[in-house]
Amino acid sequence: MDFKLKWLAWEITRRCNLDCVHCRSASSLKSPAGVWTLERAKTFLNDLAGFASPVVVLTGGEPLLHKNVFDIAAYGTAKGLRMALATNGTMVTDNTCQQILKSGIQVVALSLDGASAAVHDNFRRQPGAFDAVIRAAGLFRKHNIPFIINSSFTKRNRPDLEKTFMLAKELGATAWYMFMIVPMGRAKEVLDELIGPEEYDRILRWHFEQEMKETDILMRPTCAPHYYRLVREWAREMGIKYRRRSLAWSTGGGKGCLAGQTIALVDAFGEVQPCSYFDKSAGNCLKTPLSKLWYSAPLLLRMRDFNSYEGRCGACPYIKVCGGCRARADVLLGSDLDEDPMCRYIPPGYEGGLRNPLD
Ligand code: SF4
Ligand code: SF4
C-alpha cells in the first residue's frame with residue numbers, strides 16, 4: 001500500500017454556532033477558536049503542498065466562523081490543492097456561495113441527520129438547523145456548487161435513515177455518506193445511544209442493496225471498514241459482482257480504514273490525528289512540520305503496520321481490504337491495535353470470541 005496523504009480534514013476553528021449531540025470535537029460557541037491565523041495557515045499550506053497533494057477539507061467547529069476561511073481556501077487553491085468545505089449550512093448565503101466559487105472550493109459537505117426538522121433539530125440541538133440545511137442545499141444548487149451530504153446516526157435518529165437518504169437525493173447531492181457515530185468528543189456522553197453491531201450489519205445490508213441498484217447518487221458508508229468484507233461475502237453468496245462506482249471526495253479508496261495511512265486530521269491547535277475520530281495526537285504540526293510527522297510519527301507508522309494489529313483483526317484474512325476501525329478499537333477496547341468491536345466476523349482458526357462492550 002502506498003502511504004501518501006490523500007485526504008486531510010483541517011479544523012480551522014473549534015468554535016461552532018451549534019451544539020450537536022454527537023460532536024467529535026465537542027464544539028460550541030464557547031469553544032476557543034484555536035491557533036490558525038492566516039499567516040500560520042499559509043505556512044502550513046506551503047509545507048503541505050510541498051510533500052503531498054491531498055483533498056483539503058476545511059472543517060471545524062463551523063469553518064464559516066473563521067474570518068479568513070476564504071483567504072485560506074484561495075491560498076490552498078493557488079498552491080494546487082483541491083479545497084473543500086464542510087459546513088452545518090446555517091450561515092450559508094448568496095454571498096457565501098460567491099466566495100466559495102471565487103476561492104476555488106470545489107465541493108461542499110453538508111450534514112443532514114434526519115428527514116424532518118423534528119429529527120435533525122433534536123440531533124443538532126438547534127431549532128431551525130434543518131431548515132438551514134435545506135436552504136443551503138438550494139443555494140448550492142442555484143450557484144452550481146456541487147455538494148455532498150453526510151449523515152450521522154445513533155439509535156436516536158436511526159428510524160429516519162432510509163428517509164434521510166431519499167431526501168439527500170431529492171436535494172440534489174452528488175453523494176451521500178452514511179456514518180455510524182464513533183464515540184469521541186460529546187458522543188462519549190451518549191454511549192448507550194450508539195447502534196450495536198447486529199443492527200449495524202442490518203443497516204449495511206440495506207446500504208448494499210441500495211448501492212447495487214443506485215445509478216444516480218454516489219453512496220458509501222463512511223468508516224464502516226468491515227463493509228468491504230461484507231460486500232464481498234454478500235456478492236459471492238448472490239453470485240453477482242460488487243459494482244463499485246468511483247467516489248466523489250470521500251476518504252474511501254480500496255480499503256476500509258485509512259486512518260494515518262492516506263488520511264489525517266489537523267485540529268484547531270495544530271495537533272495531527274490519524275483521522276477525525278481518533279482522539280490521539282501524532283504530534284503538533286506547528287512544532288514539527290506535517291511533512292516530517294507524516295513519515296516519522298510513531299502513531300502514524302503503527303497504523304500502517306498491519307502485522308501489529310491484534311485480536312480478530314490481527315488474525316483476519318481481510319486485514320488489507322478492511323483493517324477495522326482503529327478509533328473504535330481504541331475507545332471501546334482500550335487499544336488502537338485491537339479488533340474492531342463493531343465487526344462480528346470470527347476469522348478461520350481464531351480461538352477467541354466477540355468482545356463488544358455495546359452488546
Ligand atoms: S476482523 Fe477486523 S479486519 Fe477482519 S473484517 Fe472484521 S474488522 Fe475487518
Ligand atoms: S479509525 Fe475508524 S473513524 Fe478513523 S478512519 Fe478508520 S474507520 Fe474511520
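Select strand E1, residues 7–11, together with strand E8, residues 263–266, and you will see two strands that run parallel and are joined by four bridges. Within this pair, pick out Leu-8, which stands opposite Ala-264 in E8. Keep in mind throughout the tour that this is a predicted model.

Now widen the selection to the whole sheet, which is open, has nine strands and shows mixed pairing. Reading across, the order is E7-E6-E5-E4-E3-E2-E1-E8-E9, so that you can place the pair you have just seen by following the names in this order. The edges are formed by strand E7, at 218–222, and strand E9, at 272–273, each of which pairs on one side only. In general, the strands of a sheet pair through backbone hydrogen bonds, and they may do so in either a parallel or an antiparallel way.

Stay at the E7 edge and add helix H7, residues 197–213, which lies across strand E6 (175–180) and E7 and runs at about 165° to E7.

Next, turn to two pairs of helices. Two packed helices are described by the angle between their axes and by the distance between those axes.

For the first pair, select helix H1, residues 38–51, and helix H2, residues 69–78, whose axes are 10 Å apart and which pack at an angle of about 20°. Because of that angle, H1 is roughly parallel to H2. If you look at how the two pass each other, the crossing of H1 with H2 is right-handed. To see the contact itself, show Leu-38, Ala-41, Lys-42 and Leu-45 in H1, which meet Asp-71, Ile-72, Tyr-75 and Gly-76 in H2. Coloured by class, the residues of this contact divide into five nonpolar, one polar and two charged.

Before leaving H2, look at the loop between strand E2 (55–59) and H2, where Gly-61 has its place. A cis peptide bond joins Gly-60 and Gly-61, with omega at about 25°.

For the second pair, select helix H4, residues 117–124, and helix H5, residues 129–142, whose axes come within 7 Å and cross at roughly 110°. The two helices, H4 and H5, are therefore roughly perpendicular to each other. On the H4 side the contact is made by Ala-117, His-120, Asp-121 and Arg-124, which meet Ala-129, Phe-130 and Asp-131 in H5. By class, this contact of H4 with H5 has three nonpolar, one polar and three charged residues. In the loop between H4 and H5 you will also find Arg-125, whose phi is positive, at about 55°, although Arg-125 is not a glycine.

Finish with the ligands, and begin by selecting ligand 1 and the 15 residues around it, of which Cys-313, Cys-316, Cys-322, Gly-324 and Cys-343 come nearest. The shell around ligand 1 divides into eight nonpolar, three polar and four charged residues.

Then move to ligand 2, which is surrounded by 13 residues, the closest being Cys-223, Cys-257, Cys-275, Cys-325 and Ala-327. Which classes make up the shell around ligand 2? Its residues divide into 11 nonpolar and two charged, with no polar residue among them.

Key:
Residues numbered from 1 in each chain as written. Chains lettered and ligands numbered in written order. Predicted model: local features only at pLDDT ≥ 70, side-chain atom pairs only at ≥ 80, totals over all residues. Pairing = 2+ DSSP bridges. Contact = placed C-beta atoms within 7 Å. Axes fitted to C-alpha atoms, helices over the stretch in contact; angles between N-to-C directions. Near = placed C-beta within 6 Å. Nonpolar A, V, L, I, M, F, W, Y, C, P; charged D, E, K, R; others polar. Parallel < 35°, antiparallel > 145°, perpendicular 65-115°, else oblique. Left-handed = near helix turned anticlockwise from the far one by under 90°.
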